[in-house]
Amino acid sequence: MLSEQEKELVRELQKGLPLVSRPFLDIADRLGLSEEEIIAKVKDFLFRGIIRRFGAVVKHQDVGYVANAMVVWLVPEERIMEVGRAMASFPEVTHCYNRPSVPGWPFTLYTVIHGKREQDCRSIAKKISSSTGIKDYRILFSTAELKKSSMEYFLD
């Protein structure tokens, strides 16, 4: 459970670090704390697993990765974990989920692949298929991005 002060810090951090020479000092000033207190609390969050990592968010289209594909795989239930781990190990796979099948839609594993061209995504899917032995899959390319955002916590 987080204290109110910790929730305030989470609210600040999820906005992204300010682009200044001392971003934690900037946050500290807004929260009425010292820069050292903020850095110590962030380290504590990392240690406790409340924060997994800090990283830059790159708009993949802006750096040339304009092909996005969700690849849906028909994987036997008894192989889900093994195949899911194998698929997730590919650096080109950014998301890998197991979801239940439904009547008329038998696919159970979903991966997201980014490439510079659609052919790149097709080649990666073929490579994953060859590696895992899963031959029944479909490639669904994105045609428009209508929303993309990260989850935000403690907003109310």
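This passage describes salt bridges, helix packing, a surface patch and several single residues in a predicted model.

Residues are numbered from 1 along each chain as its sequence is written, and side-chain values use heavy atoms, with hydrogens and water left out. Because the model is predicted, local features need pLDDT of at least 70 and side-chain atom pairs count only at pLDDT 80 or more, while totals for chains, interfaces and linings use all residues.

Charged pairs come first. Side chains of opposite charge can pair when their charged atoms come close. A salt bridge is defined here as a side-chain nitrogen of Lys or Arg within 4 Å of a carboxyl oxygen of Asp or Glu. The search of the whole structure gives 15 salt bridges. One of them joins Glu4 to Lys7, with the closest N and O atoms 3.6 Å apart. Both residues belong to helix α1 (residues 4-13). Helices (H or I, at least four residues) and strands (E, at least two) are DSSP runs, numbered from the N terminus. Glu4 and Lys7 are 3 residues apart, so about one helical turn separates them. Accessibility is sorted into three classes: buried means under 20% relative accessible area, exposed means over 50%, and partly exposed lies in between (1.4 Å probe, protein chains only). Glu4 counts as exposed because its relative accessibility is 51%. Lys7 is buried, at 17%.

A second salt bridge pairs Arg30 with Glu12, and their closest N and O atoms are 2.7 Å apart. This pair links distant parts of the chain. Arg30 sits in helix α2 (residues 23-31) and Glu12 in helix α1, 18 residues apart. Arg30 is partly exposed, with 44% relative accessibility. Glu12 is buried, with a relative accessible area of 8%.

A third salt bridge connects Arg122 and Glu118, whose closest N and O atoms lie 3.5 Å apart. Both residues are in helix α5 (residues 118-132). They are 4 residues apart, about one turn of the helix. Arg122 is partly exposed at 36% relative accessibility. Glu118 is also partly exposed, at 41%. Elsewhere, salt bridges link Glu6, Lys41, Asp44 and Arg48 in a network.

Helices α1 and α2 were then compared. Their axes come within 11 Å and cross at roughly 135°. Axes are lines fitted to C-alpha atoms, for helices over the stretch in contact, and angles run from 0 to 180 degrees between N-to-C directions. The crossing angle makes α1 oblique to α2. Angles under 35 degrees count as roughly parallel, over 145 as roughly antiparallel, 65 to 115 as roughly perpendicular, and the rest as oblique. The crossing of α1 past α2 is right-handed. A crossing is right-handed if the near helix is turned clockwise from the far one by less than a right angle, and left-handed if anticlockwise.

The surface was examined next. Met70, Val102, Trp105 and Leu140 make a nonpolar surface patch of about 320 Å². Patches are made of residues with over 30% relative accessible area and no salt bridge; like charges are joined within 9 Å, and nonpolar side chains (Val, Leu, Ile, Met, Phe, Trp, Tyr) within 5 Å. Accessible areas come from the Shrake-Rupley method with a 1.4 Å probe; for residues, only the protein chains shown count as cover. Trp105 lies in the loop between β2 (93-98) and β3 (109-115). Its relative accessible area is 31%, so Trp105 is partly exposed.

Three further residues complete the account. Thr111 is placed in strand β3. Thr111 is buried, with a relative accessible area of 0%. Its C-alpha atom is 6.5 Å from that of Val72, although the two residues are 39 apart along the chain. Tyr97 is in strand β2. Tyr97 is partly exposed, at 41% relative accessibility. The C-alpha atoms of Tyr97 and Gly84 are separated by 7.6 Å, with their positions 13 residues apart along the chain. Phe154 lies in the segment after β4 (137-141). Phe154 is not a glycine, yet has a positive phi of about 60°. Most residues other than glycine have a negative phi. Phe154 is partly exposed, at 30% relative accessibility.
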